[in-house]
Amino acid sequence: MKNILTFVAGLLFGIGLISSGMTNPSKVIGFLDLFGYWDPSLILVMLGAIPVALVGFGLIERKRSTMFNEPLHLSGKTHLTKSLIIGSFIFGSGWALAGFCPGPALVSLGSGNVSALIFVGAMIAGMVFHDHLYRPVFKPKQS
Amino acid sequence: MNINWEDFSPVSSLLGGVMIGTATVLLIAFQGRIAGVSGILGSLMQLKNTPKGHYLWRLLFVLGLVSASFVYGLFWALPNIQIDTKPHLLLMAGVLVGFGTRMGSGCTSGHGICGLGRLSIRSLVATLTFMFAGFVSCFLFLHFFA
């Protein structure tokens, strides 16, 4: 049951991304291009998503366990690090270049889009490079 | 600033946002996990020393994302997708997104929705940073170098 619901959560997430317009790179770039012909739609995506998350996370974090009474896996990190800021900056630069972020790229991959395939392949390579080469060499203490 | 009212889609974007928010709540309610796509995908690439149950929920969530176009297409017409980025720039963008999201511990979903939903200052800083970088990168590639 839990496994089916997890699949459904991914499916709903993906359908939400399609409906919102996030899976269309030219729309995402239309939002990030403040100095062009600006499409503010993506603000509405956050306005739709964040209040729902705020209420839902609030209730579940107060309960401190899942509906199956299992523990929550939440990050308790509160400190700001250089990695957080530099990494987010690198991510944002790449996001604007292609108009894809990880979720929408996976959804578009599922529609058989070749550009999404190229992007996802490169994205996984970037993740593996960071986790298995960069981090062990430059940040060996961080797990 | 010129607003593009023709492509502005407040209703479908807001509805999509509500579905995305609901999906993050479902994942925390059922699995106790944060719906951060870069973290989930990155952890699937961790091949050694994984605890029992490491892969299954991540794989199912990713399968859900990948199946979304098919399921959406059963009920509605899929929206048109337009990609103007050339393949070599797509490759570069992919590497930057993969590396950057792992270094910054999250992307638009993990920091931008779940983190902000949890009122995390770290996620707020990360979200403001990647949005700012996105605006700058767009300006450079579309107006300055072009």
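## Chain B, two serines and the enclosed spaces

Along its sequence, chain B runs in the order β-α-α-α-α-α-α. That amounts to one strand and six helices. The model is a predicted one. Along the principal axes, the C-alpha atoms of chain B occupy a box of roughly 50 × 35 × 35 Å. Chain B has 146 residues, and 51% of them are buried. Among its contacts with a separation of 6 or more, 41% link residues 24 or more positions apart. Chain B has an accessible surface of about 7,100 Å², and carbon and sulfur atoms contribute 69% of that area.

One buried position of chain B is B:Ser13, which sits in helix H1, residues 10–31. B:Ser13 counts as buried because its relative accessibility is 0%, against a cut-off of under 20%. What does B:Ser13 contact once its neighbours within four places in sequence are left aside? The partners are A:Ser19, A:Ser20, A:Lys27, A:Ser41, A:Leu44 and A:Val45.

A:Val45 appears again at the largest cavity, where A:Val45 is listed with A:Met22, B:Thr108, B:Ser109 and B:Ile113 as the lining residues nearest the centre. The lining numbers 20 residues in total. Helices H1 (2–20), H3 and H5 (102–110) of chain A each give two or more residues to this lining, as does helix H6 (121–144) of chain B. The structure has one cavity of 30 Å³ or more, and the largest cavity holds about 210 Å³ of space. Which residue classes make up its lining? There are 16 nonpolar and four polar residues, and no charged ones.

Pockets, unlike cavities, are open sets of points. The largest pocket contains about 1,400 Å³ of space. Its lining comprises 46 residues, with A:Ser75, A:Lys77, B:Gly39, B:Arg102 and B:Ser105 closest to the centre. From chain A, helix H6 (114–138) supplies two or more residues to the lining; from chain B, H2 (37–44), H3 (56–75), H4 (87–103), H5 (110–117) and H6 do so. By class, 26 of the lining residues are polar, 11 are nonpolar and nine are charged.

The second largest pocket has about 490 Å³ of space. Of its 23 lining residues, those closest to the centre are A:Ser26, A:Ile29, B:Asp84, B:Thr85 and B:Leu142. The elements giving two or more residues here are helix H2 (25–32) and H4 of chain A, and H4 and H6 of chain B. H2 of chain A gives the most, with five residues. The lining divides into 10 nonpolar, eight polar and five charged residues.

The second serine to examine belongs to chain A. A:Ser65 lies in the loop that connects helix H3 (41–63) to helix H4 (82–98). Is A:Ser65 buried or exposed? With a relative accessibility of 14%, A:Ser65 counts as buried, since the class takes residues under 20%. The side chain of A:Ser65 makes a polar contact of 3.1 Å with the side chain of A:Lys63. Setting aside residues up to four places away in sequence, A:Ser65 also touches A:Ile60, A:Glu70 and A:Leu72.

Conventions
Residues numbered from 1 in each chain as written. Chains lettered and ligands numbered in written order. Predicted model: local features only at pLDDT ≥ 70, side-chain atom pairs only at ≥ 80, totals over all residues. Heavy atoms only, no water. Helix = DSSP H or I, 4+ residues; strand = E, 2+ residues; numbered from the N terminus. Buried < 20%, exposed > 50% of the residue type's maximum accessible area, 1.4 Å probe, protein only. Polar contact = N/O pair within 3.5 Å; in protein donor to acceptor, adjacent residues only side chain to side chain. Contact = heavy atoms within 4.5 Å. 1 Å grid on protein atoms, 1.4 Å probe; cavity = no way out; pocket = protein on both sides within 12 Å on 5 of 7 lines; lining within 4 Å. Points joined across faces, edges and corners; volume = space filled by probe spheres on them. Nonpolar A, V, L, I, M, F, W, Y, C, P; charged D, E, K, R; others polar. Areas by Shrake-Rupley, 256 points an atom, 1.4 Å probe, with all protein chains shown as cover.
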